[in-house]
Amino acid sequence: MALRYVPMSADQAKRLRQGGKDAYGNPPERQISDGDGVPCRRCLRNVDAGDAYLIFALRPFTSLQPYAETGPVFMHADECTAFSDGVRPPILASSKDYLLRGYGSNERIIYGTGGVVAAEQLESRAEALLAMPEVASVHVRSAKNNCYQCRIERM
């Protein structure tokens, strides 16, 4: 099965870069990267040392409902090219393991799909989850800090 890694939307990125409010109603915070562990959720690459980035609360769901988790993420402060390659994004090479969860088309967790997987098993677990007819997408989160990384869909 071909996988598609989906970054945060262009509309969200543009709005936040223009000073729009995050999921908690706060303006993004601007920082300068030290080059270590600052994964951009738009290009799905790390922010290089010396480059500006934004910290904000992201809710990667279109609806407000009990399963719409929110958390802190980073993004280049200046425009970057959205990730669109069909291979594993660079930010998913930074950890030994990830938390994957399957979500239905109603953006609610499909119980029994969540679990921590080793980085080398990420694709095979995402494929297995997406092979389930009730799973519309898979969210990838940091296993250590629970930070949202990206969404995976069927290509």
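Let me begin with the largest nonpolar core, which has 20 residues, and in which Tyr5, Leu92, Leu100, Leu122, Val140 and Ile152 touch the most other members. Please keep in mind throughout that this is a predicted model. The elements that each give two or more residues to this core are β1, β5, α2, β7 and β8, and the largest share, four residues, comes from α2. There is also a second, separate core of 17 residues, which includes Ala13, Leu54, Val73 and Met75.

Staying with the helix for a moment, α2 runs over residues 122-130, and within it Leu122, Ala126, Leu129 and Leu130 are buried. Which side of the helix do they take? They lie on the same side of α2, because the arc that they cover around the axis is only 95°. As background, an α-helix has 3.6 residues a turn, so residues three or four places apart point the same way. What do the buried residues of α2 pack against? They pack against β1, which spans 3-6, and also against β5, β6, β7 and β8.

Those strands bring us to the sheet itself, an open sheet of five strands in the order β1-β8-β7-β5-β6, with antiparallel pairing. Its edge strands are β1 and β6, each of which pairs on one side only, and neighbouring strands in this sheet are turned by 35° against each other on average, direction ignored.

If we walk through the sheet from the β1 edge, β1 and β8 run antiparallel and are joined by four bridges, and here the bridge partner of Val6 is Arg151 in β8. Further in, β5 and β7 are antiparallel and joined by six bridges, with Tyr103 having Ser137 of β7 as its bridge partner. On its other pairing, β5 is joined to β6 by four bridges, again in the antiparallel sense, and in β6 it is Gly115 that stands opposite Leu100.

How many of the seven residues of β5 are buried? Six of them are, so β5 is largely enclosed by the rest of the structure. Leu100 gives a good view of these surroundings, since we have already met this residue among those that touch the most other members of the largest core. Leaving aside neighbours within four places in sequence, Leu100 is in contact with Thr113, Gly114, Gly115, Val117, Leu122, Arg125, Ala126, Leu129, Val138, His139 and Val140. Three of the buried residues of α2 appear in that list, namely Leu122, Ala126 and Leu129.

Now to the other sheet, in which three strands form an open arrangement in the order β2-β3-β4, with antiparallel pairing. The edge strands here are β2, residues 29-32, and β4, residues 71-76, and each of them pairs on one side only. The twist from one strand to the next averages 35°. Between β2 and β3, the latter covering residues 52-58, the antiparallel pairing extends over four bridges, and one of the partners to look at is Ile55 in β3, which is the bridge partner of Glu29.

Let me turn to the cysteines. How many disulfides does the structure hold? It holds zero. The pair to examine with care is Cys40 and Cys80, since the cysteine sulfur closest to that of Cys40 is the one in Cys80, at 3.7 Å, which is too far for a bond, given that a disulfide requires the two sulfur atoms to be within 2.5 Å. Cys150 is likewise in no disulfide, and the nearest cysteine sulfur to its own, that of Cys40, is 12 Å away. Are these residues buried or exposed? Cys40 is buried, with a relative accessible area of 0%, and Cys150 is buried as well, also with a relative accessible area of 0%.

Finally, I would like to point out two backbone details in loops. Glu107, which lies in the loop between β5 (97-103) and β6 (115-118), has a positive phi of about 65° although it is not a glycine. Asn146, found in the loop between β7 (137-142) and β8 (148-154), also has a positive phi, near 65°, and it too is a residue other than glycine. As for their surroundings, Glu107 is buried, with a relative accessible area of 16%, whereas Asn146 counts as partly exposed, at 31% relative accessibility.

Definitions and conventions. Residues numbered from 1 in each chain as written. Predicted model: local features only at pLDDT ≥ 70, side-chain atom pairs only at ≥ 80, totals over all residues. Heavy atoms only, no water. Buried < 20%, exposed > 50% of the residue type's maximum accessible area, 1.4 Å probe, protein only. Pairing = 2+ DSSP bridges. Axes fitted to C-alpha atoms, helices over the stretch in contact; angles between N-to-C directions. Arc of directions from axis to C-beta. Contact = heavy atoms within 4.5 Å. Core = buried A, V, L, I, M, F, W, Y, C linked by side-chain atoms within 4.5 Å.
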